[in-house]
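Here is a set of short exercises on reading a protein structure, each with a worked solution. Take a pencil, try each task on your own, and then follow the steps.

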Amino acid sequence: MNTLLDCHKACRVRVVKLNAPTALKQRLISFGIMKNATIEVLEHTPAKSTIEIKVGKMRVALRGEEAKMIEVEKI
Amino acid sequence: MNQEEDVKSCPVIANHIKVALVGQPNVGKSMLINSVSNAHLHVGNFSGVTVDKKEVLFDYDNYHFTVVDLPGTYAFTDYTIEERVTHDYLCAEQYDIIINVVDSTNLEKNLQLTAELLTMSKKVIIALNMTDEAEKEGIEIDAEYMSELIGVPCIKVSAVAKTGIDELIKAVLKKHTSSKNKPKLVFSEPVEEEIARLVWYLDKHKYKANNSYRNIAINLLKNNKKTYEKLHKNPIWTELQPILIEASKHIELHHDSDDIKEAFAEEYASFNRGIVTEVVKQKNNQAKKTLTEKIDSILIHPVFGIPIFLFFMWSLFQLTFEIGAIPMEYIDSFFGWFGDVLGSTIQNDDMRSLVVDGIIGGVGAVVLFVPNIVILFIGIALLESTGYMSRVAFLLDGFFHKFGLHGQSFIPLVTGFGCSIPAYMSARILKNDRDRLLTLFIIGFMSCGARLPVYVLFAGAFFSADMAGNVLFIIYISGAIMGLIAAKVLKLTAFKGVDEPFVMEMPKYRLPTLKLIWHTVLGETMMYLKKAGTFIAGAAMLIWFLSNYPHNLQLQTEYAQKIEQTQDIAEQAKLKNELAEHSLEQSYLGRIGKFSEPVFEPLGLDWKMSIALQAGIAAKEVVVSTLGVLYSLGADVDENSSSLADAIRANIPFASAVSFIVVIMIYLPCFAASIVFTREAGHIKYFFYLFFFTSIAAYIMAFIAYNLTKMLV
């Protein structure tokens, strides 16, 4: 398992690295998606085009393309 | 006023306090202002309700308060336009104190912004909002201990339950009169070391600044552009630069990252984690699924999610028509009766016609649709305030993305079903200019509330009552589909480029209070009625004048003789109608209509309909009032049927009606919306693009629809 995109529903992971362009990286960080943060995948559309995750107490929706930029490891 | 207060932030009037209300999106800032004062700011449950700063004034205890409601921002970035508004305001404008509103149920995330505010060397008060909700979830916050730890007052409030509001204002007053105290935001050792080094350097050279040296040092380390620009011009820069490079290296090494901003975010996060562990106690176990998660497992289900959404929309339009139709009859007969009663008191023929046919006919035709409008607005208010809107954005993003739109485009688009003006403004939540422009161009395809009367009128005229709701739904959906196709066309031609990332918060579901829905719907409805009473009434009078003058005396005497000669009552009525028809045709309006008829003829529209469409550029409500005036004056309306729907059924072929509706669906929203569109798009040229784009699209689509319907029916 490498990126958030590879995760399935109800899987819990820890963020290792953000491989996103600066603006998007800052956006992710301001949502609490940063190194060492714990993420849980709540739901995704059938083709994983959109994914709903839980980080801390917040639910965030993001696209598969963005999820691909988030490097994670399984807890 | 405090004597030590430096001149820069001192307000002109002594007992005037200017408060900047800052917080992350959807923490209830606007709601808090509504609770503090008697304002009725728009409140919703998704991020990005407030897109522009709004000022609210109120008095308390001999003080004049100005509260500035700033758009929500997750952090001090300039990611979207709304965030830029907030950032610029906080850095450049004059204000006395910041109230940082935070969501008590999610303190750690909210403190991320708080930490950045604390480095600003401004007076800050933290309002721990949604205390009641937090208590229900078993979250306990020790506000006193928190105040002590951070070094700024933390007050528990609830904007919904209106608790703690007095304490908050008192804390603002106390803070305002006290001297500045230093917030206790502590970084990790390496960062503190570097800050100390920079502060020592600035102090050694007695650098003159309004901000504290600590503040400048932090800004320098965070690569703050404005601070750099300022120091760049100073001679100490040559010496400062190498120190700064060393410092950055040191911090980046410590955080194992090559991004200083990321390093600082981590610093803030660990500080916040420390605070939260100290002051927050969570009673029940978190492992249990929250209610929001349970609802989400149904509403954003991979398979059932979209059908459920479509069902909701269909129900809304069914209700709009079915329930809306009940009081319509009474309103219609009221205006009929009112016109008759008032008409009988007026002696002068022209005056009576102006009042009864012009004003009452025109305004009545618009007021008739208030029940439909109210139901539609209730639906939109529910969508906005429950939190469902963001779910739909989630569901539709994949689909929207195929058409070059963004999932978050859904929010301005759905707002567009209510009114295009707030829809144009809410497009600001989109960061990328291209995506925003594309969305702006498409908003007009979402039929606004003002177009609803035209649809209800025609659906009611040509379909039975149980079908009319479905027809309404089809009109709205096909408008939206045409919008998507138009988006694809524009994306492939005018707005080529990279897509904007989609990262969006999904708010908790909330049950909106009745009061909230009431204020939202009441505000929108009053606006509609006000427009009916002023603008629409004026337009109706103008249309009446243009359709009655010039008088053709020759025509009148000619028909008067004919009517006298015949004894047959039916024949007399027929002649009267003929006279009215001829008079209308030779009026100013008739001449304009006849002049433009060749343009509209291929669409199957007669001159009356083309006039109504042209008048509709001013506002869509005018379409109905114009039809009302035109058809209440003459035409083949038989004695038994007095309503406009009957007149339309009798006078307009079905294919022409379809073509008419298609034009209404696509062409320019209205005059006021066009102005807002131009402002939001940023250049007048976009208005002309929009005008030509919508006009040409409307013409082509109406032409196709007209000929297809003629072939099929």
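The exercises below work through this predicted model, moving from one chain as a whole to the place where two chains touch.

**Exercise 1. Getting an overview of chain B**

Task: Describe chain B by its helices and strands, its extent, its buried share and its domains.

Solution.
Step 1. Start with the secondary structure: chain B has 31 helices and nine strands.
Step 2. Next, look at the extent. Along the principal axes, the C-alpha atoms of chain B fill a box of roughly 110 × 55 × 55 Å.
Step 3. Now turn to burial: 45% of the 713 residues of chain B count as buried.
Step 4. Contacts come next. Taking the contacts in chain B with a separation of 6 or more, 74% join residues 24 or more positions apart.
Step 5. Finally, the domains. The assignment gives domain 1 (7-177), domain 2 (189-256), domain 3 (290-534 + 673-705) and domain 4 (535-672 + 706-712). The centres of domain 1 and domain 4 of chain B, taken over C-alpha atoms, are separated by 56 Å.

**Exercise 2. A sheet within chain B**

Task: Which strands stand at the edges of the six-stranded sheet of chain B?

Solution.
Step 1. Write down the strand order. This open sheet runs β2-β3-β1-β4-β5-β7 in chain B, and its pairing is mixed.
Step 2. Look for strands with a single partner. These are β2 (54-60) and β7 (154-156) of chain B, so one side of each has no neighbour in the sheet.
Step 3. Check the turn between neighbours: on average it is 25°, direction ignored.
Step 4. Zoom in on one pair. β2(B) and β3 (residues 63-69) of chain B run antiparallel and are joined by seven bridges. Here Val56(B) has Val67(B) of β3(B) standing opposite.
Step 5. Add a helix. α3(B) lies across β1 (16-23), β4 (97-103) and β5 (124-129) of chain B, and runs at about 165° to β4(B).

**Exercise 3. Buried or exposed?**

Task: Decide whether helix α20 of chain B, Tyr699(B) and Phe595(B) are buried, partly exposed or exposed.

Solution.
Step 1. Recall the cut-offs: a residue is buried with 20 or more other C-beta atoms within 10 Å, exposed with 12 or fewer, and partly exposed in between.
Step 2. Take α20 (residues 452-462) of chain B. Ten of its eleven residues are buried, so this helix is largely enclosed by the rest of the structure. Among the buried ones are Leu452(B), Tyr455(B) and Phe458(B).
Step 3. Follow a contact from this helix. Ile661(B) touches Tyr455(B), Phe458(B) and Ile475(B), leaving aside residues up to four places away in sequence. In the largest nonpolar core, which has 221 residues, Ile661(B) belongs to the group that touches the most other members, together with Leu21(B), Ala127(B) and Leu472(B).
Step 4. Now Tyr699(B), which lies in helix α31 (residues 684-712) of chain B. Tyr699(B) has 18 other C-beta atoms within 10 Å and is therefore partly exposed. From C-alpha to C-alpha, Tyr699(B) is 9.3 Å from Pro602(B), with their positions 97 residues apart in sequence.
Step 5. Last comes Phe595(B), found in helix α25 (residues 588-600) of chain B. With 11 other C-beta atoms within 10 Å, Phe595(B) is exposed.

**Exercise 4. Where chains A and B touch**

Task: Which element of chain B gives the most to the side that touches chain A, and which strand of chain B pairs with β4 of chain A?

Solution.
Step 1. Count the residues: 29 from chain B and 29 from chain A take part in the contact.
Step 2. Find the main contributor. α11(B) gives the most to the side of chain B that touches chain A, with five residues.
Step 3. Sort that side by class: 13 residues are nonpolar, seven polar and nine charged.
Step 4. Look for paired strands. β4 (residues 58-63) of chain A pairs with β9(B) in the antiparallel sense over four bridges. Met504(B) is the bridge partner of Ala61(A), while Leu62(A) stands opposite Val503(B).
Step 5. Place this pair in its sheet. The open sheet of six strands has the order β5(A)-β1(A)-β2(A)-β3(A)-β4(A)-β9(B), with antiparallel pairing. Its edge strands are β5 (70-74) of chain A and β9 of chain B.

Conventions:
Residues numbered from 1 in each chain as written. Chains lettered and ligands numbered in written order. Predicted model: local features only at pLDDT ≥ 70, side-chain atom pairs only at ≥ 80, totals over all residues. Contact = placed C-beta atoms within 7 Å. Helix = DSSP H or I, 4+ residues; strand = E, 2+ residues; numbered from the N terminus. Nonpolar A, V, L, I, M, F, W, Y, C, P; charged D, E, K, R; others polar. Pairing = 2+ DSSP bridges. Core = buried A, V, L, I, M, F, W, Y, C linked by C-beta atoms within 7 Å. Domains from an automatic or database assignment. Axes fitted to C-alpha atoms, helices over the stretch in contact; angles between N-to-C directions.
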